[in-house]
Amino acid sequence: KEKFKSHHMNSLNIYNEKRNQFAVERNTPKQLVEKVSGDIAKLLNRKRKALERLAREAEDIQREHPWQDGIKVRSTVTSDDDDGENLLQNPNSLSLEFVDDPNFKNKVNYSYTAVQIPTDIYKGSPTILNELNWTQSLERVFIENSREDPSLRWQVFGSATGVTRYYPATKWRAPNKIDLYDVRRRPWYIQGASSPKDMVIIVDVSGSVSGLTLKLMKTSVIEMLDTLSDDDYVNVARFNEKAYAVVPCFTTLVQANIKNKKIFKEAVMNMQAKGTTDYKTGFQFAFDQLLNTNAPRANCNKMIMMFTDGGEDRAQDIFEKYNWPNKTVRVFTFSVGQHNYDVTPLQWIACANKGKRPAIRINTQEYLDVLGRPMVLAGERAKQVQWTNVYQDALGLGLVITGTMPVFNLTTDGDSKNQLILGVMGVDIALSEIKELTPRYKLGANGYTFAIDPNGYVLLHPNLQPKIINFREPVTLDFLDAELPDRNKEEIRRQMIDGKAGQRRIKTLVKSVDERYIDEVQRTYIWSPVEGTDYSLGLVLPSYSENHIKANLSDQILQVQYFESLLPNTFESEGHVFIAPREYCKDLELSNNNTEFLLNFIALMEKVTPDSKQCDNFLLHNLILDTGIIKELVDKVWKNKDLNTYGFMTVFAATDGGITRVFPKRASDTWEENPEPFNASFYRRSLDNKGYIFRAPYPNDDILNPENDTIGILVSTAVDVTIGSRNLKPAVVGVKLDLEAWTDKFKILASNHTNSNRQSSQTCGPTSGCEMDCEANSDDLLCYLIDDGGFLVMSNQKDYMNKVRFNSKVDATLFYALYNNSFYKRKQSYDYQSVCDPVPSSNTGAAPRGVFVPTIADVLNVAWWTSAAAWSLLQQMLYGFAYQSWFMTDEVDAEGMESRESSCVTVQTQFYFSNISSSYNILQDCDNCSRLIHARRINNTNLLFVVAEKLSCDSCEIEKLSQVETECILTHKCAFLALVLISEIMIHIFLFPFQENTSDCGRGHSFRPSPLTLLLLQLLLLCVLAHPSV
């Protein structure tokens, strides 16, 4: 300890000696928040102006575009992959050259837009060709916007027809092996195409709904849930003779967030069919939910979505009682499966309640067209820019938010105004753009900024790190899930959602980067709304980060001297250097390999000076200053010590400026800490804790079972500097102890005598006492050093030498006794961004490849031939003619996708010290024996010294404590629900029940075919499907 203390004191002295080479500047929290908030508001405002221009121009262009029935294909940049298979390849597609652009993380062409069309849409239909024709003119607007604001990322128009036109052009790469991308199902499109809604989904589960029909119905309900966002509220019920909520604890509408939708989906997949159908029970349940004013709701559009296989009941008395004459609740009916029921009653239900009955081939998103009518009628009042939740960009930009604005059809049909939404315009902002506006490195390793949206989801947060991306879902992480929650944070969240500003100093818990430890810390939270948006920005500072160092290296000769210490030829004598992979200069090429990154950095520094305008002078000067400070430490201390004498394997230092130096050089071969100190667990914990922080090696087989190398125990402490009246912690220094050598020292120290009288120590026995000798009496005494997380650091037991692990695995009864006697507290935390192993699917079987067989009524309906269903079947037939194996029977998975890791929620328990600081004796009673345990905190460390008698019996009934992270599978789903704090935001509601055109509410049959025609056409179709090779 004394040698380590000398190491620490020398570090302090060096900072005092270099005092004229840096200034200590104050971080004023309120000013920082105001500045960052203002910068974010300016960024969003620039994107808003570009978006408004795009939407305005798109409406004008489409209004002037004449519809052409005989339109031909124009030259178009298609998004098909060159290696992909496209039976209807457009011969007029352009072949372009693409260049790398780091802003887009992609190869792009700035002169053109590109188009993506869903695979199940016929690219040659007049609707699609007209859409491609008029949207081609948007290219000019996209390019002009980009010239005015070069920081613009993707500019996208998503059409209600399914066409996506985006700028700049780049080759389309499907997010998954099977390209199921449809812009109308993307979160940003759904949010922009409709206002918030209250939805009740009722599902017919009577006995007639079975087999394939039930599976289709479940899939359709899940697809419907995917069209909802966090601004919506929903409930799902199954009905036959009676109606029941599929999730019993959801007694009212609940927010359609990711957590709740996952619970709904699991419950829907477990539905079973039985009984008889009674539409009245389903609709009664739905209206009870929608008319309940005592529960949270969107209070905007209200709708009922009914899924059934058909029936004769019209439930007219229910509508007369609850919905007529005002018809404030829309009803949509979905007819699922192949059946002989008359669809007229379902069409009547939809038409009588301002809804729609989509085609038999279910398209669950068609209802969005209906919800868009009031927005179109509202005109400019509905033209609001909305910012989405965070989600993964499909073109590789990473995590983004998108500003959206609806584009209306301004054409007229005689005296009638059009009531259709043309689509949604979107402009992306990468989260990295917003992060660049924050003072990341001035706040220290444990200071940070964060931002939340009106639902409490984080837009910015250091813990927003999704491990698996679901392209169909937004990345939603609640502020209370991003941190360890408490009442103070709940109140902070509430005030931020309500748009208030505030500041509060709180005591709270934080989890270490490696998720092994919990620390109780003091933090100051400051928050303020972002003007002109619904976002709120927060800043978190520990007390030691209220000041920061700013290098003042005007002497260029000194700069060169310090810089030379970074060169690899100094490593042998001064130790290996790792530098944090930060963007010190614009032209600096980043690399995951730190050695390669260091060489890139050195090569760039030979071309530019630290004062270059293309470099971040603050980062670069601080890096060079810290290089000089650590070099001084090497020359004055490290080189003059024989590390083996003290049992040190390594000495090291890491700094806020981004330098980590490890001495001697050979120690770098086994150095596994993060080269970015701000992301290193030892660094952040040392700042938050006083004294010397011991950390056992991670339970990695390569470390715990070394062949040639010994095990090292990392010990670190913060360099606590006081300059004037200002305190700061600009660095962490430490050593790595040789476990074997220090275990021998530990055994000697953990004895009541010195080396000179050890041989006279008395041996313990059943009838005789003995002195506490952790070496001589190792057969009877257990001596442990345990850290503050409950991990074994050292022991007198030879069997435990390589068992540096959670103590409950080594001695479960002893650790339980420590916990039960309040030496440790525990904290359970949930990780909503975890990855779990795939669950093997049993839903496989032999089936033809996705062949859709239409009914006779479908084939004889003129409207059907213009639908996506007809085109989908035609594609299947074309593939069948070209590839005989297309109709062969294969083993197929029910989901059509291979098993893969999936996102999930995991739960983990961490342990941390209570406030006990003195020593205690514990008598532990087991079934047939007892033992005495002595425990004592070691001052100025995070260690607990424990001496215990060995148990003389084999069994002891205790709770087995574990820190293992496990998937959170709750038998009662209601226990999963957390407190949801809903914002009281002014939502613009657009309802026009009297002006709205509801004539297009369903699909009727266009003619009555003769029986002979029916028979001939059905036989022809079956013949084609039965002989695909003809």
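**Note on the predicted model**

1. Pro664 sits in the loop between strand S27 (659–663) and helix H20 (681–688). The model is a predicted one, and in it the peptide bond from Phe663 to Pro664 is cis, with omega near 0°.

2. Another cis peptide bond links Trp324 to Pro325, with omega about 5°. Here the proline belongs to the loop between helix H9 (316–322) and strand S12 (329–335).

3. Ala315 has a phi near 50°, a positive value in a residue other than glycine. This alanine is placed in the loop between strand S11 (301–308) and H9. Its relative accessible area is 1%, so Ala315 counts as buried, the limit being under 20%.

4. Asn940 is not a glycine either, yet its phi is positive, at about 65°. The residue falls in the loop between strand S38 (930–937) and strand S39 (943–949). Is Asn940 buried or exposed? With a relative accessibility of 40%, Asn940 is classed as partly exposed, because that class lies between the 20% and 50% limits.

5. On the overall make-up, the secondary structure consists of 28 helices and 40 strands. The protein has 1030 residues, and 54% of them are buried. Among contacts with a separation of 6 or more, 72% are between residues 24 or more positions apart.

6. The largest nonpolar core contains 71 residues. Ile579, Tyr584, Phe601, Met605, Trp638 and Leu737 have the most contacts inside this core. Helix H18 (residues 617–636) provides the largest share of the core, 10 residues. A second, separate core has 60 residues, including Val33, Ala41, Leu443 and Tyr535. In soluble globular proteins, nonpolar side chains tend to be buried together.

7. Which residues does Leu737 touch, apart from its neighbours within four places in sequence? Leu737 is in contact with Gly647, Phe648, Met649, Phe694, Ile711, Gly712, Ile713, Val715, Trp742 and Met794.

8. An unreviewed UniProt entry annotates residues 33–64 as a "coiled-coil region". In the model this span is 100% helix and 0% strand, and the C-alpha atoms at its ends are 47 Å apart. Val33, at the start of the annotated range, is among the residues of the second core, as is Ala41.

9. How many cavities of 30 Å³ or more does the structure hold? There are 8 of them. The largest encloses about 230 Å³ of space. Its lining comprises 22 residues, with Tyr441, His548, Ile549, Asn622 and Asp656 closest to the centre.

10. Strand S24 (547–551), H18 and strand S30 (726–738) each supply at least two residues of the lining of the largest cavity. H18 gives the most, with 4 residues; the helix that contributes the largest share of the largest core is thus also represented here. By class, this lining has 10 nonpolar, 7 polar and 5 charged residues.

11. The second largest cavity has a volume of about 120 Å³. Of the 13 residues that line this second cavity, Val156, Tyr181, Trp188, Asp393 and Leu395 lie nearest its centre. The lining divides into 8 nonpolar, 2 polar and 3 charged residues.

Methods: Residues are numbered from 1 along each chain as its sequence is written. This is a predicted model: local features need pLDDT of at least 70, side-chain atom pairs count only at pLDDT 80 or more; totals for chains, interfaces and linings use all residues. Side-chain values use heavy atoms; hydrogens and water are left out. A nonpolar core is a set of buried Ala, Val, Leu, Ile, Met, Phe, Trp, Tyr and Cys residues joined through side-chain atoms within 4.5 Å. Buried means under 20% relative accessible area, exposed over 50%, partly exposed in between (1.4 Å probe, protein chains only). Contact means heavy atoms within 4.5 Å. UniProt positions are given in the numbering used here, feature names are shortened, and annotations may be inferred rather than shown by experiment. On a 1 Å grid over the protein atoms alone, a cavity is a set of points where a 1.4 Å probe fits but cannot get out, and a pocket is an open set with protein on both sides within 12 Å along at least five of seven lines; lining residues have an atom within 4 Å of a point. Grid points are joined across faces, edges and corners, and a volume is the space filled by probe spheres set on the points. Ala, Val, Leu, Ile, Met, Phe, Trp, Tyr, Cys and Pro count as nonpolar, Asp, Glu, Lys and Arg as charged, and the others, Gly among them, as polar.
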